[in-house]
Every structure is written in structure tokens, then in C-alpha cells.
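Thank you all for coming; I would like to take a few minutes to walk through one structure with you. Please have the view open, since I will go from place to place in it.

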Amino acid sequence: MSDEPRDATATAAADADTEVTGGFADRWASFRDREISTVLLTVVGVAVFPFLFNNYLDGYTQLATLMLIYGIFAVGFDILLGYTGLLSFGHAVFFGGAAYAAGIFSASVSSSPLLVLLAGTVFAVLLAWIVGFLSLRRGGIYFAILTLTFGQMSFYLAASPLAFLTNGENGFTSVDIGSLLGVIDIHGGVPFPLSMLVDNMLYVFVAVMTVLSVAMANRILHSPYGTVFRAIRENERRAEFVGLDVWRYKLMAFIISAAFAGIAGSLFAIEGNYVPLQSLYWTESGRIVIMTVLGGVGSLFGPLFGAGVYLYIENIVSGFETLGPFWHLILGVVFVVAVVLFPNGIWGGIDYVRDRVVGGDDE
Amino acid sequence: MTVLKTEQLTKQFGGLTAVDEVDMAIEQGEGVSLIGPNGAGKSTFINLVTRRLEPSYGEIAFQGDSIIGMDPHEVVQRGMSKSFQTASIFPELTVKENATIAALAAEHGSFRFNFFRNQNSYPAVDELANEVLESVGLYGERENEAASLDYGNKRRLELGIALAAEPDMLLMDEPTAGMSPDETKSTVKLIKRVKEELDLTFLLVEHDMEIVFDISDRIVVLNRGSVIAEGTPAEVQNDPAVQEAYLGGVEE
């Protein structure tokens, strides 16, 4: 996979090659390998996205914002599913849990968006520690079922026993988000130069968090953890017999992915000023699996595309006059076609096409 | 110095005693082979020593300390490495990454909080991975996906992964199983060379008697879970109990 983290010599070799040959493909490869270039690409991507989306794809900024939020969720989820090879079917508990934690924090402690975001994320991390500690005792399908069980438990807990906190089936409506750093109205407009690209501050806030999240994920995947995670995915027993504490690394993968779910969940509460009970339901866990697989497991950017395409079909295609009522079917067909043609998802398809065009810079 | 010592080591599966009160001691620098007919308990013994199986009773000491109750990765961290019966590698990773994983475990221990550090900032890991690949002759293949190697090279990589852990003792479970005669020859040469270069202590389980007699300092013969003979290759070869076990008591 060309977008997977490379090791030291690969990068060094690519750099060295560039000096000698200076071919376009080599230059592109070495550019792409640098951390800063990943961040820059993301910045450019999120900056031009709403403009293109709103003008050419029937989109609107609120949906673009939501796409980025789910994109963050999916990027983190892929660290667990695509890189470590663990299928969790209960990640709604971290997304929805963080959304509730953020909402309740905003109503009763502080309405500062950054603190709200921090509170939701910390909550998701602590929760993942417990859920991961218990679920990771078992592998494969048992792990998936255990996480599903924890997800559904949290749904029913929030629905009634904890209704005094969560407002039960009506969802949490008292989210109170103040201004960013005391001056910027997060639900307001943006000043001139930025306003050429995007029309509201919320998108800017979420976009900045997206860039930070992608940068963090990129850093993690280029750290020793990235290699260890993939080793566990490939051959868990062997990883243990080279002397790695596989269990603790798996727990870390689980917690890291939940941290991203926590960032996304908190942003979701801030964005909507509301936390629906639905955000804890098992279908939410299923959606993130589909988004990640659709976009491309084991790639950094793939899940962002998966989240975008999923939400596009759910919100835009569903509004088309003739096709609209069949949007679930369309989503299914897109999923099957993407996965059959490109086992590595949409990103795998993009990679394939690009390698054809640029001339196979994939080693 | 005794590297590995077992006392009364026993494993029962229900009514079957797979390993029956085995006492064994392996000294520093010694190359020991464990042989015996099928079902003699060789693999069970290896699995007990690597902590994949819990013994029914008995004691295992590695470098003087008991390892009963430890996890497999802890035993590896103490310096006991294992190469598997099949080519147990990380197929979708590059050859270099395969070695890097083992080098990471050797340099960093079983776990570290370093998920925000770039892997390039650990040159020692990189160096060790390169060294290991050179010693098993796969440095030229380092950028290739491990799955694309032929079987013999996969087994060499397997051995490389085990060596990257910088073991004080290496357990090898049929390292030449499934290899062509040429591959077998080069693997035996590799094992001999590595043993000399690293002063490696090893315990080898092997069916091929030619290899066993070629590379062992000492041979231990298991039959029905018990040690029936041990000694130098020549001694074992002429032992009547061994001939009995292998030939099933057929009169010659």
C-alpha cells in the first residue's frame, strides 16, 4: 500500500533517489512521505471542499461539517480495523458517549468549545480503557459481540436509568456552547478572506480539528505503533513470540481509536447543539464500519472519503426526486461495487488509478 | 552456566501424559537436538518451555529464574526466542518491516508509550533490522513483500525474526520441514554459521537425522513423553533403547 507508513530506509532511499533521478514519480513519492505534506494536503482539501461541494455537488456547509466529523471518527476507527485488524461493533458508545459527556459538560461546567471538546474526548478515552480491558480478553467474533453488547448497554442506560442526566428518549437538548476563546462566535459567520471559501465559523473549527486529527493519526501510523499494529493484524502469535506485549498494544489501538471517536462525538454535540439518543444505537456502530470499509481500510485518507460518500448518499441522493426513495439500495449497490472492484475501498481505487497515471510510484 | 533447566516437567491432556517428568539442562553455547518418534511429546515440550502451554506440574528455569506463570512475550524478553514449524511471518509487510518488528521488541522491550515518536528517530532499531537481514541473506529483498518470497526464503526470514530478538537461546521447531534438499543444505549452513558467530545456544526439534547428527553437540531422545536416552550423536546412534523406539521392536 503506497499510503501506509514507510520505514526509515524506504523514506531515506526515496529521498536519495530524488536527488539522483529527480523523476516526477520519485519527487511525488518523497513529497508524500513527509509529514508536513500530509498535513498540507489535508489543509488544502478541507479548505476547498465546501466551495466545491456547495457549488457543484448540491451540497451545503452543514453537511460538509458533518462529513468531516464522521471523517475524524472513521480515521480513528481505521486505526483499529484497518491497521490492527480488530472489528469493533460498538464504537457508538465512544461517539455517543463523548457527545453526551460534552453536552452535559457544556450545560453544567463550562461552555468553552475547547474545554467541551476536551471533556468529551477524555470521557471516551476513559470509557475505552474499561470497555477495551474487558472486550479484548477475547478475539475475533467474540470481541465484536462483546463491543456490540457494551454499545447496546450504554444505549439502554442512557434511555432510561440515566435519563435524569441524558434526558432519555428526547435526547440531550440543553447543550450550551459559548464563544471560542471568549471572542469568536462559533455558530456565526466568518470574516472576509475566509468567507470566499466557507460561510460559517463552525466549519472552520471542525476543519481545524480534522487537520489536527489527520496529523495525529499520521504521526501514530509512522511511529513504532504503526508497525506493531500491522504486525498484530498480520500474525498475532508471531508478534507475541518476538516479545511484544500484544494485549497492551491492542488495548492502546482500541483507546486511540476511541479518542478519535471522542473528538468526533464532542464536535457532533457542538455542531448540532443537541445529542440524539440515536447516537448510541448500534446502527451508529454499523455506519462507521461501512464508512471505513467503503473508504478503504488500512489507508489514512480512505475513511474520510468513505464518510463523505456515505453521508452524501444518505442526505443528498435521498433528496433526488426519482432515486431518492431508494437511497438505501443505492448505498448498498455502491458499497458492493466498491468493495468487489476495489477490495481496498474508494481510496484503493484512487490509488490504483493514480499509480497508472503517475507510473507506479509504489516501489 | 545452565541456560535452560526443567525438573519433573509434566503435561497431561486428560488421561494422556504427553510429557512425563522430563529433566533437562542445556548449557551456554550448547546445541541440543530433541528427537523421537511421532507423538513422543517433542512439540508439547517446546510449547511448555515457550509458555504456550501450562504444565501440569514441574519446574522450568531459564537462566536461573523460574518462568512458570510468565506470558510468552515475557519469556522472549528474557532471551528465549522461537522459530516456528511453519513459516510464521508477517506476510503483507515488507521483509524489512518483518525484521523491524522483531528489532523493535528487542530494543524497546514488550511495550512503550511512544506513539507520537517517528520511527525514524530510532536508528538502533533500523540498524539491528538491517544486520539481521544481512545475516540471513535477505538484505537484497528488503523492500519486497514478505508473501512474495519463496518458501525457503520465508523460512530464512522466519529464522531472522527469531534472531532479531537477540536471543540467548533459540528454539527451532523443524526448521527445514518442507524444504527442498538445496534449501535444507543452505539452512543448515546458516544455522551453523549463526551458532558460531553469536555463540548461540539452541534446542532443535528435527526429524531429519542427517541434520541432527550434523549440527548437534548433544541429542536427547524422547519416547512417549519420557527421556529414553541422551548423549553425543555417536552414543545415541548406538543406543539399543533408541533403536527399539525407532524401529518399534522389530527384530533385525
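I will speak about the contact between the chains, then a helix and two loop residues in chain A, and finally the domains of chain B.

Let me say at the outset that this is a predicted model, and please keep that in mind throughout.

I begin with the contact between the two chains, to which chain A gives 32 residues and chain B gives 33 residues. On the side of chain A that touches chain B, the elements that contribute two or more residues are α1 (8–20), α10 (201–222), α11 (224–234), α12 (236–241) and α13 (246–272) of chain A. Of these, α11(A) provides the largest share, with seven residues. If we sort that side of chain A by class, we find 15 nonpolar, seven polar and ten charged residues.

Let us turn to helix α15 of chain A, residues 302–315, and ask how its length compares with expectation: at 1.5 Å a residue its 14 residues should span 20 Å, and the C-alpha atoms at its ends are indeed 20 Å apart, so the two agree. Is this helix mostly covered or mostly open? Eleven of the 14 residues of α15(A) are buried, so that the helix is mostly covered. Among the buried residues are Leu304(A), Phe305(A), Val309(A), Tyr310(A), Leu311(A) and Ile313(A), and the elements that cover the buried residues of α15(A) include α4 (61–83), α14 (282–295), α16 (327–341) and α17 (345–358) of chain A.

Two loop residues of chain A also deserve a look for their backbone angles. Asp58(A), which sits in the loop between α3 (35–56) and α4 of chain A, has a positive phi, near 60°, although it is not a glycine. Asp58(A) counts as partly exposed because it has 14 C-beta neighbours inside 10 Å. Asn167(A), in the loop between α8 (163–166) and α9 (192–195) of chain A, is likewise a residue other than glycine with a positive phi, here about 65°. With 18 C-beta neighbours inside 10 Å, Asn167(A) is therefore classed as partly exposed.

Finally, chain B is assigned two domains, with domain 1 covering 1–79 + 167–251 and domain 2 covering 87–166. Their C-alpha centres lie 26 Å apart, and 14 residues of domain 1 of chain B are in contact with 13 residues of domain 2 of chain B. On the domain 1 side, α2 (72–77) and α6 (181–198) of chain B are the elements giving two or more residues, and that side comprises seven nonpolar, five polar and two charged residues.

Note on methods:
Residues are numbered from 1 along each chain as its sequence is written. Chains are lettered from A and ligands numbered from 1 in the order in which they are written. This is a predicted model: local features need pLDDT of at least 70, side-chain atom pairs count only at pLDDT 80 or more; totals for chains, interfaces and linings use all residues. Two residues are in contact if their C-beta atoms, placed from the backbone, lie within 7 Å. Helices (H or I, at least four residues) and strands (E, at least two) are DSSP runs, numbered from the N terminus. Ala, Val, Leu, Ile, Met, Phe, Trp, Tyr, Cys and Pro count as nonpolar, Asp, Glu, Lys and Arg as charged, and the others, Gly among them, as polar. The expected span of a helix is 1.5 Å times one less than its number of residues. A residue is buried if 20 or more other C-beta atoms lie within 10 Å of its own, exposed if 12 or fewer, and partly exposed in between; C-beta atoms are placed from the backbone. Domain bounds come from an automatic or database domain assignment.
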